[in-house]
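Q: Please take a close look at a single part of this model, with some words on the chain around it. I would like the cut-offs behind each term stated as you go.

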Amino acid sequence: MAVVVTRSLLWRKENRGKRPAGNSQSLPAISFLSHTESWLKHVWADRWLCCTEHTAFVWCPRCSLPTEVQKAQGFSLGRSQQWVRCCVFSSRWETCWFRVELSIPPEWAGQEVHFVWESDGEGMVWRDAQPVQGLTKEGEKTSYILTSSLKEAEPHSLTLYVELACNGLFGAGKGSMIAPPDPDRRFTLSKAELVVFNRDVYELLVDLEILLDMAQLLGEENQRSFQALYAANQIVNVCDVKDPSTFPAARELAAVIFSQRNGESHQHTIHAMGHCHIDSAWLWPYEETIRKCARSWVTVIRLMEHNPELTFACSQAQQFEWVRSWYPGLYAQIQDYVAKGQFIPVGGTWVEMDGNLPSGESMVRQFLQGQRFFQEQFGQICSEFWLPDTFGYSAQLPQLMCGCGIKRFLTQKLSWNLVNSFPHHTFFWEGIDGSQVLTHFPPGDSYGMHGRVEEMLKTVKNNKDKGRVNHSAVLFGFGDGGGGPTQNMLDRMKRMSDTDGLPRVQISTPDRFFSVLEKESSQLCTWVGELFLELHNGTYTTQAQIKKGNRECERILHDVEVLCTLAVAQGGTFQYPASQLQQLWRLLLLNQFHDVLPGSCIQLVVRDALQYYAEIRRAGSRLQEEAVQSLCGELLQLKSGRIEVPASEADWGETRGSSSTAGNFTPPQLPKARVCDICVLFSQEDGSITMENGLIAVCLDAMGLSHLLPASGESVADGCRANQFALFDDVPLYWDAWDVMDYHLETRKPVTMLLKPLEITLAGGLRGSASFSLQVGESSTLTQEIILDAMCPYIRFKTQVDWKESHKFLKVEFPVQVRSTNATYEIQFGHLQRPTHWNTSWDWARFEVWAHKWMDLSEHGFGVAVLNDCKYGASAHRNVLSLSLLRAPKSPDATADIAHHQFTYAVMPHQGSFQDAGVIQCAYNLNFPLHAVPASSMQCLAWSAFSLSSPAVVLETVKQAEDRPEAVVVRLYEAHGSTVVTWLQTSLPIKEAMLCDLLERPTAKGHLPLEQQGVRLSFKPFQVLSILLVLRQ
């Protein structure tokens, strides 16, 4: 007979009448699990468990299922076709299966019987071939309720299966949570028992916990503090731990305190919602997340069976899809509770994606895929955007939310700010186009509370919008690695529902909560612009191969959709590959999860992510070839062995960057008027090289660009070198892959060790280039080809790095002859400005920021832009533009970025504003090179599918409509920050045009007349418009 004890909040008899000193957790223990008995009668044996008399039959390797479970769930054995006996002390990421035969003693009739299981790995109980309970010691879930009151008619003997995952709630780090997984770590089973649960003692313990917290936390100036203290003291006097008959009287004393209600108007109301933030990948791989979802959600279902008031907010359509595919029985139960309004889908996105780095179109697809999934599966879309754990939030998000049927937003991550405390918890957030969403940060600064008195009091005290609103949200449940709510959390909050001295706590829903806020919103403040997280800004650079894969695959899917749409519109037999594109988009969206794209994940996740990118590249290339074949037909039959390249100025810049894969390359003849604009290179006596193309002139030496001369004059600051590489020590305080600290700027070391001198590699004509090599740090090398093309307004730097450093940060710097207090950075569907000075702590905290394809520093009439094809980290301090290239963190991936890297960036001096100079279009050209394909000598008439009359408007996306195969969706945005009218012209056979939202639903009064000039469109600054074009059949 074993006795399981928990900490008790009872005092010793000799301390009666005295207020306890110190931490109540040091007080003696009282058991609430009685009649415990190790009753694992037939745990099939091979070797040993922690309990010497218990042995088990264990199946592995990973994810092999017992036959009974396989048949019910439709699984196959997978990689192993035979049962393997092994020791329960198993390696990380493996799976062990236990068959457990239980026999409940007849004398336990009328008792509540639990099966208790404790291990340092996550487990799940299966019964009748269905998952029934998650078991996670770190998540305070170590028992499965077999019966709440054992009846004679109930089965007393039963068989369970326990699936034990060899990883903890937070993976398998060595020594610390975020350390790389420990290859030698073993996981053990420490307890497996059949017990009677003493409900009366449990309830008394919860009563005492709440009373003691009130006594300790309300303060000596609060009368209720002493009332709670003396009530607890009376309970101790009444309660005899050896006499259960005294428990009811003790509980009645507690009930007196809890029944004393709050006043009608004074107390803050807390809306408590069950929550379980599950990172789709982080310190564990994607496939483990599937099981984390099942363990967590089946536990929530069990809680709902016993607590019909429980609500549970659950985000990420991808995770619902995983459970639907792998656990259909559990998913059916979830659907039932969604219909009851308890299991509540929120967020509206495919995953909880990074809020900074995905492109504008990727963010649209997050909502499109997520909202369509929720509509198809549950008959509803989400009205709240739910993104509690992402590392900052783009200023374009409010418009994208509104365009997807969402005007409410919940997060809390800005509570992590390292420098400045964000001034609001409930406010309106306004994006760069003027769109507003009602936003709430739970004032408890957490998405994983435990329902304690301390958390409720903090929620009220910490609220920065007192007087404006009188309601706040509390999200309770273990999170990050899953787990979710527990019965203990619910029982604590039941006692605080309306107790004088404490805030009102009510179980609520996101809709009920935000509806109350909307009614109280007249006095709320408005925050304009990005929600910048003053932490984790190393994630703009960490895991460079993931960043490159993301940018490339965004481009690939863009190009495939355009080509396939045009091929369908042309007529014929070509079928739009809708299902394949959906699959590829979902892979890309999955990799944009907020611990994958930022690079803050273990090596196993990085490998999976890179595999997904490779799959997108392979499938995308095949789909593109099929679309081009259908679209171009006989033009692709190679007859003359020649690739024709369009000879327009707009096309040249990037066509020259494409190489032929078959036949001979025949460049177009330069127009006579442009002969002076060919690229010319000169070698100087001092070893420097000058490159000119009629638009810009560049003087190079091995240490960088000493002169960059557009028509308007020198661009490089006096006495400086542009394209200067600098290496920094990069040792964060704790979050290695996440953070780069401001003090790294004090360690700057220019990279000057030459391995290969500067030399001309292409002598000029259509293209000129020079190359050199440097040693970087102790073990790394950098080789760069500097390229200038004829009639191209920017110079490119094609860079290769063999990176082998540790805790170093590599940047490239451009000190320019420009003075401005603000620099401009591209974001999704637009741009914003950030200061180049550090006047205030808010300015200084932005020492490292993010951008997409370009950044620009301009004064009146002149400026310099830096473009890139796969980088995101950047900064602009005073007159120095810096592009962040590579980091070398060691946790949670000890091998992060240790690899060969290839990337391209460019510098573009310009006259006038960056808008008028075409910086935006040049950045698109760098990122979306033209495709050169083998062609015949057949003459082809010039043809354009779409054109726009205003350079301020960008046509971003062309795709087939989701629900209307006969319709095309085109997405455009205003890129200059101006109010403008443009005409959209198309050669496609259009019979009808209408405005639609980002979910492709036609808007009210959205009909657009088809006129001779095309379709007339009006834009406000940074406005995104989606147009539904219906094709003639």
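A: Among the contacts in the chain with a separation of 6 or more, residues 24 or more positions apart account for 74%, where a contact means heavy atoms within 4.5 Å. This is a predicted model, in which local features need pLDDT of at least 70 and side-chain atom pairs count only at pLDDT 80 or more, while totals for chains, interfaces and linings use all residues. Residues are numbered from 1 along each chain as its sequence is written, and side-chain values use heavy atoms, with hydrogens and water left out.

The chain holds 19 helices and 51 strands; these are DSSP runs numbered from the N terminus, with helices being H or I over at least four residues and strands being E over at least two. Of its 1033 residues, 59% are buried, that is, under 20% relative accessible area with a 1.4 Å probe and protein chains only. The exposed surface of the chain comes to about 39,300 Å², with carbon and sulfur atoms supplying 50% of it, as computed by the Shrake-Rupley method with a 1.4 Å probe.

The part chosen here is an open sheet of 5 strands, which follow one another in the order 45-46-51-48-49 with antiparallel pairing; two strands count as paired if DSSP finds at least two bridges between them. Its edges are strand 45 (953-960) and strand 49 (1002-1008), each of which pairs on one side only. From one strand to the next, the twist averages 30°, angles being taken from 0 to 180 degrees between N-to-C directions, with axes fitted as lines to C-alpha atoms and, for helices, over the stretch in contact.

Within the sheet, strand 46 (residues 967-974) and strand 51 (residues 1024-1031) run antiparallel and are joined by 7 bridges. One of the residues to follow in this pairing is A967, whose bridge partner in strand 51 is V1030. In general, strands of a sheet pair through backbone hydrogen bonds, in either a parallel or an antiparallel manner.

A helix also belongs to this picture: helix 8 (residues 360-378) packs on the sheet, where it touches strand 45 and strand 46. The direction of helix 8 makes about 40° with that of strand 45, so the helix is described here against a strand that is also an edge of the sheet, since strand 45 pairs on one side only.

Notes: Buried means under 20% relative accessible area, exposed over 50%, partly exposed in between (1.4 Å probe, protein chains only).
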